[in-house]
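Thanks for sharing this one. Below are my notes as numbered points, meant to be read with the structure open beside them.

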2 protein chains.
Amino acid sequence: MPHILRISLASKTSAQRELKGLELLLGGRALTARIVQDEVPATCNALGRHNRLVFAGGALAGTLVSSVNRLSIGAKSPLTGGSKESNAGGVVAYKLGRLGIRAVIFEDRLSKEDGWMVVRIDAKGVSFLPAADLAGLGVYEKAKRLFERHGKDAGLALIGPAGEQHLICAGVAVTDPEGAPTRYSGRGGLGAVMASKGILAVVVDDSQAPKEEFADRNTFMALQKQVAESVNATPITCEVFRKYGTASMLNVTNNVGALPVRNFSRGVFERAREIGPETLHDTIVARGGEGRVSHACMRGCLVQCSNVYPDANGHTLVTPLEYEAIGLLGSNCGIGDLDDIARLNYYCNDMGVDTIDIGAAIAVAMEAGLAPFGDVGFAQKVITGIAEGDILSRLIGSGVEVTGKVLGVYRTPSIKGQALAAYDPRAIKGTGVTYATSPQGGDHTAGNTPRLQIKQHEKEGQVGHSRNAQQGMAFIDSLGICMMLGGAIKDQNILLSLINARFGSSFTLDEAKKIAMETLAVERKFNAEAGISTVHDRAPEFFYEEVNPDSNSVFDFTVEELASVHG
Amino acid sequence: MPHILRISLASKTSAQRELKGLELLLGGRALTARIVQDEVPATCNALGRHNRLVFAGGALAGTLVSSVNRLSIGAKSPLTGGSKESNAGGVVAYKLGRLGIRAVIFEDRLSKEDGWMVVRIDAKGVSFLPAADLAGLGVYEKAKRLFERHGKDAGLALIGPAGEQHLICAGVAVTDPEGAPTRYSGRGGLGAVMASKGILAVVVDDSQAPKEEFADRNTFMALQKQVAESVNATPITCEVFRKYGTASMLNVTNNVGALPVRNFSRGVFERAREIGPETLHDTIVARGGEGRVSHACMRGCLVQCSNVYPDANGHTLVTPLEYEAIGLLGSNCGIGDLDDIARLNYYCNDMGVDTIDIGAAIAVAMEAGLAPFGDVGFAQKVITGIAEGDILSRLIGSGVEVTGKVLGVYRTPSIKGQALAAYDPRAIKGTGVTYATSPQGGDHTAGNTPRLQIKQHEKEGQVGHSRNAQQGMAFIDSLGICMMLGGAIKDQNILLSLINARFGSSFTLDEAKKIAMETLAVERKFNAEAGISTVHDRAPEFFYEEVNPDSNSVFDFTVEELASVHG
């Protein structure tokens, strides 16, 4: 039966505890949120020894069911000050699942005498390896050296120079099946939390993992096949996501005036076509080489919304190139060339920072007059400058809210300290309500509504749409599955049936949904104890005051309306 | 009868309202806190049009009673996010009082088309004068040009380059009787609020003010004389404050291990003697010239704790040189030379920033390794770099909390966003409790306890000492009098008698104390509405975790103990 692995960094010891009863259903965000609530004093310094860093997969992690191997990373966030979960694809959750590990809790921190270390987890247990020689290296080079040491089949979760400097927008990179270290738990500064514990990388090696005993293998395999058929029979999955990836979103947002352009001053980009999904697809096809329009970031994933974007010679420029990076590093900075955006994305990956907060911060710096919008050289310089500890780079790496504060910019698009993603809250109001009220801070993945067939600019019904989306995402995240799978399965009971076939349990969909609902409540409770209340459930003032000329709308929800989302 | 002058910046109009009944007793912080609570939406952006900037004197302002002409400036703070009042000496409150103006409310903001302006207030009314040519100038040069335009008898409240850049540690400088623009409402970023309204300076000219009609002139003059005699008969005032100024505090703090040294890592400074009160006094005397060991920052003040610190040639280096600057720009940065500190203080004044937050931020930058402790050149460069908008300078000008965040420094001495003053909360625990629980954020002037004859390192009784001090200071601040007067009058009833003799009223001491108590409650209510609650009533984690080796103590108050202060 799966267990929780607790690693005490101060003593360099570990212990494990088997999950029992309903706990077997807990995974992903449900688990990270509860561990943070139970073990982290809400008012602690997020970069001090009292914080915990938690890795958790879902109840199906370690299997080859499509899209069930997301890795949730959780902690108190140094960016938002609240409960944080940010999940990524890649192979780590799969490998932990294969080792029978549902979650890893890193507590306290390595001593200064230990210096930087790598924590290795394999079938034999946990080991702590000196890693001072890796410090200062970019994520790509770090990953390369770690693969040399641990074999190419290892799974890595690692940080870059941004994390090492405790920048509060530093993420944790997770390696994909080909070893690219670019699946990011990017939001909320979890890379800084990992660094504060003294850890440069976590290596997971499942090569000695025992073969799994399923409670009912035949049923499990049959259900797994059903999921695959379901994915392959879903038009939007096959014709949109598998072909255009998340970049397909750009047409949706640009059409309703919701694409962030030049620090959220417009919602339609005059160069949208150049950075849109068709151009992305056609460029990858035309250039060939290593390029791929579809790619699985997790073992077994059939959605394959990831891609590999090549340069003119067919060599990988970056993998993946996704919508949020295109929106934030692209149109929001006035940059309208995919090669430029891909390169900026690559540098963000290498430094180990969140593309969303960094793109938003660069645009704010441009609004402050540090460079004109569209200045790719400036953007590249500030991102790569993180490696040298350049002050402006550190500022940008501290995210849009801090950047706006220091540069005196009133129009700073952040909520609870975290940058908004590539959906203008004035134009896609359901997502706007999610930004304002999610315990995660400004975060589209907490409940995104752009694809609903509704009047996006109108207020009516949006509180309900956001509530549904937030509860739906809490369900998805608590099972450790990918949001892309959500739309591709007709009956969510199949997920529970899979879990039951795996463990011989008899969990119900209602129980899983209850866990998800409680997860939101747990996060909100932690936030309240940390001093983040419904007072903070609101958008930046300029979204209320300034009409977006392309949607002809403002963010116009009252305090009471926003309070009613979770009320 | 005194009135409130309301200036609507968007329309460039003004109106006045007479104070009636108990309102006549409202002044200083009591008035700014209430106006902020009544008129500012607590969740607004402090640098947006919904904030108000309020100037208020006390009920005795405009008279020549000793030490009664403090100017309170209030607003929602861009630094703490809460209700803010920061008061200064100088001549502006006196001149407003002479014009019958108890308070000025600046609402909304000048339009972009207006550009930077100066607001002039005189007996004829309010005028708005273009001032774009003054933008970018230091405070000293701005003041010089404003005196050229408005005559040397004008009173000025003005901002420097820091305010213009909306740096959240920008203060408002107020001119003293000799025209030195160096009495600072330094804390909480009020200079940025003034800038956000489009105002570079407020000029107050009382030359045409009518002669005041006292309700009972003879009684008033007799009481004024009594206050003077009381001040002159108080040993600590005459022998300590008038001779050594606030710098006398350095011996007190250094003796108990409470002087901040190298980013609050120690409490005793090995060069304390070189920057102590005796050295300060003897240097001023020995150098002569413009130097003065005592100086009145307000008309009529007999305490005269201010000074003029000259260079080796007897020319003014800075006026005044006070304890907080010596502690924060000096020992806390590892700088042990008064000339160096005086020069850094001068540059802070010229840029228009708070010496406390800037000194704390520079020390944090030193801890981050940007320069060694004691590097005066570095400190000077980052302060003066504000004029050029240098990024590191802007960061430092954003205060210690933001600086610590961007530079990844765990040991950041701030509470509610604001730097602690020159009293280590582990060593002078009453002040520590005040820092933690004051609605003003980390602020010694909200209730300082270093001179109490108690065991400073022990917890016992400190909650009560802090409570008494906070209530006492709210009383002092609400009357617009100087804290230095507090210890020099034996019977506070005399203050009420003065007010009654001035206005023909019959206010009681109990009424004044009730107003003060309510002022604290009003500030806390605003903060709660702004999202700042008792959760934020705590010290930075390192003060709980790390023993100060010179006091051999930590900050060890529980949440419940801190909650009991105002509870």
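1. Gln304(A) sits in the loop between strand E13 (292-295) and strand E14 (306-310) of chain A. Please bear in mind from here on that this is a predicted model. Gln304(A) is not a glycine, yet its phi is positive, about 55°. With a relative accessible area of 23%, the residue is partly exposed; the band for that label starts at 20%.

2. Asn552(A) is another residue other than glycine with a positive phi, in this case near 55°. You will find Asn552(A) in the loop between helix H22 (541-545) and helix H23 (559-563) of chain A. Is Asn552(A) buried or exposed? Its relative accessibility is 63%, so Asn552(A) counts as exposed. As background for this point and the next one, most residues other than glycine have a negative phi, and most peptide bonds are trans.

3. Do look at the prolines at position 320. In chain A, Thr319(A) and Pro320(A) are joined by a cis peptide bond with omega of about -10°. Pro320(A) belongs to the loop between strand E15 (316-318) and helix H11 (323-330) of chain A. In chain B, a cis peptide bond joins Thr319(B) and Pro320(B), and omega is about -10°. Pro320(B) is in the loop between strand E15 (316-318) and helix H11 (323-330) of chain B.

4. Now for the overall build of chain A. How many helices and strands does chain A have? There are 23 helices and 17 strands. The radius of gyration of chain A is 22 Å, close to the 24 Å that the globule rule gives for 567 residues, so chain A is as compact as a globular protein of that length. Its C-alpha trace spans about 60 × 50 × 50 Å along the principal axes.

5. A few totals fill in the picture of chain A. Of its 567 residues, 65% are buried. Taking contacts between residues at least 6 apart in sequence, 69% join residues at least 24 apart. Chain A exposes about 18,200 Å², and carbon and sulfur atoms supply 50% of that area. As for charge, chain A has 57 positive and 62 negative charges, whose mean positions are 3 Å apart.

6. Salt bridges deserve some time, as the structure holds 76 of them over all chains. One of them pairs Lys514(A) with Glu518(A), with the closest N and O atoms 3.3 Å apart. Both residues lie in helix H21 (residues 509-529) of chain A, four residues apart, about one turn of the helix. Lys514(A) has 52% relative accessibility and counts as exposed, whereas Glu518(A) is partly exposed at 34%.

7. In chain B, Arg187(B) forms a salt bridge with Asp357(B), and the closest N and O atoms are 3.5 Å apart. Arg187(B) lies in the loop between strand E11 (183-185) and helix H5 (190-196) of chain B and Asp357(B) in helix H13 (residues 355-367) of chain B, so the pair ties together parts that are 170 residues apart in sequence. Arg187(B) and Asp357(B) are both buried.

8. Helix H13 of chain B also holds Glu367(B), whose side chain meets that of Arg411(B) in a salt bridge of 2.8 Å, N to O. Arg411(B) is in the loop between helix H16 (399-406) and strand E16 (414-415) of chain B, and the pair links distant parts of the chain, 44 residues apart. Arg411(B) is buried, with a relative accessible area of 10%, while Glu367(B) is partly exposed at 31%.

9. In chain A, a network of salt bridges is worth tracing on screen: Glu367(A), Arg411(A), Asp424(A), Arg426(A) and Glu546(A) are linked in it.

10. Finally, a residue to colour in chain B. Phe106(B) is part of strand E6 (residues 101-107) of chain B. Why does Phe106(B) count as buried? The relative accessibility of Phe106(B) is 0%, and buried means under 20%. Leaving aside neighbours within four places in sequence, the contacts of Phe106(B) include Ile7(B), Leu9(B), Leu53(B), Phe55(B), Val119(B), Ile199(B) and Val202(B). Asn51(B), Arg52(B) and Lys197(B) are also among them. By contrast, the C-alpha atoms of Phe106(B) and Gly430(B), 324 residues apart along the chain, are separated by 36 Å.

Technical notes
Residues are numbered from 1 along each chain as its sequence is written. Chains are lettered from A and ligands numbered from 1 in the order in which they are written. This is a predicted model: local features need pLDDT of at least 70, side-chain atom pairs count only at pLDDT 80 or more; totals for chains, interfaces and linings use all residues. Side-chain values use heavy atoms; hydrogens and water are left out. Helices (H or I, at least four residues) and strands (E, at least two) are DSSP runs, numbered from the N terminus. The radius of gyration is taken over C-alpha atoms; the globule rule is 2.2 Å times the number of residues to the power 0.38. Buried means under 20% relative accessible area, exposed over 50%, partly exposed in between (1.4 Å probe, protein chains only). Contact means heavy atoms within 4.5 Å. Accessible areas come from the Shrake-Rupley method with a 1.4 Å probe; for residues, only the protein chains shown count as cover. Lys and Arg count as positive and Asp and Glu as negative; His and the chain ends are not counted. The place of a charge is taken as NZ of Lys, CZ of Arg, CG of Asp or CD of Glu. A salt bridge is a side-chain nitrogen of Lys or Arg within 4 Å of a carboxyl oxygen of Asp or Glu.
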